[in-house]
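Good morning, everyone, and thank you for making the time. Let me put the structure up before I go through it.

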Amino acid sequence: GGGARDRARGVGARRYRGPAAAWGFLPRGEGRDYRDKLHGANSLIWRSGDEPQRVKYRVDDPFSLYTILEQLVFSESATGRPILVPLGPKIFAACCLLVASQHRRAGVWRVTPGRYGKARDCKSAGKLIGMRVELGRAGAFDA
């Protein structure tokens, strides 16, 4: 997501983590404008260090996103400690938290600009997406 500070925080998190495998999740929204802004906003991350593997997902399909994240975290947990760093969009952050709640070895890092970060208005795409989640029970996710 976001602006220059978000990109810098994403790059900083990758550098702090060291040579661990990196996966970049690319949200697909509605419209060319969204795709163009996303590409520009994340170009610094793609150029920083080793190229992360890219995973595309639809922002209007949280169940598929959760499934992809869960499978990746499950497989990475066998050999390491997966760290999820959601910079946006909000649906990605929500799915990261849900996945981490099911995997003790997974962590979620909230990378913020600290007291210098300012809230900014975002224009909604107008589409409402909902989730219903029951924690502690396998297969209890509806989208």
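I will talk about the salt bridges and then about the cysteines.

Please keep in mind that this is a predicted model, in which local features need pLDDT of at least 70 and side-chain atom pairs count only at pLDDT 80 or more, while totals for chains, interfaces and linings use all residues. Residues are numbered from 1 along each chain as its sequence is written, and side-chain values use heavy atoms, with hydrogens and water left out.

Side chains of opposite charge can pair when their charged atoms come close. Taking a salt bridge as a side-chain nitrogen of Lys or Arg within 4 Å of a carboxyl oxygen of Asp or Glu, a search of the whole structure finds two. How are Arg58, Asp60 and Lys127 linked? They are joined in a network of salt bridges: between aspartate 60 and arginine 58 the closest N and O atoms are 2.9 Å apart, and between lysine 127 and aspartate 60 they are 2.7 Å apart. That second pair links distant parts of the chain, 67 residues apart, with lysine 127 in the loop between strand S4 (107–108) and strand S5 (132–133), and aspartate 60 in the loop between strand S2 (53–58) and helix H3 (62–77). Helices (H or I, at least four residues) and strands (E, at least two) are DSSP runs, numbered from the N terminus.

Turning to the cysteines, how many disulfides are there? With a disulfide defined as a pair of cysteine sulfur atoms within 2.5 Å, the count is zero, because the sulfur of cysteine 95 lies 7.4 Å from the closest cysteine sulfur, in cysteine 96, too far for a bond.
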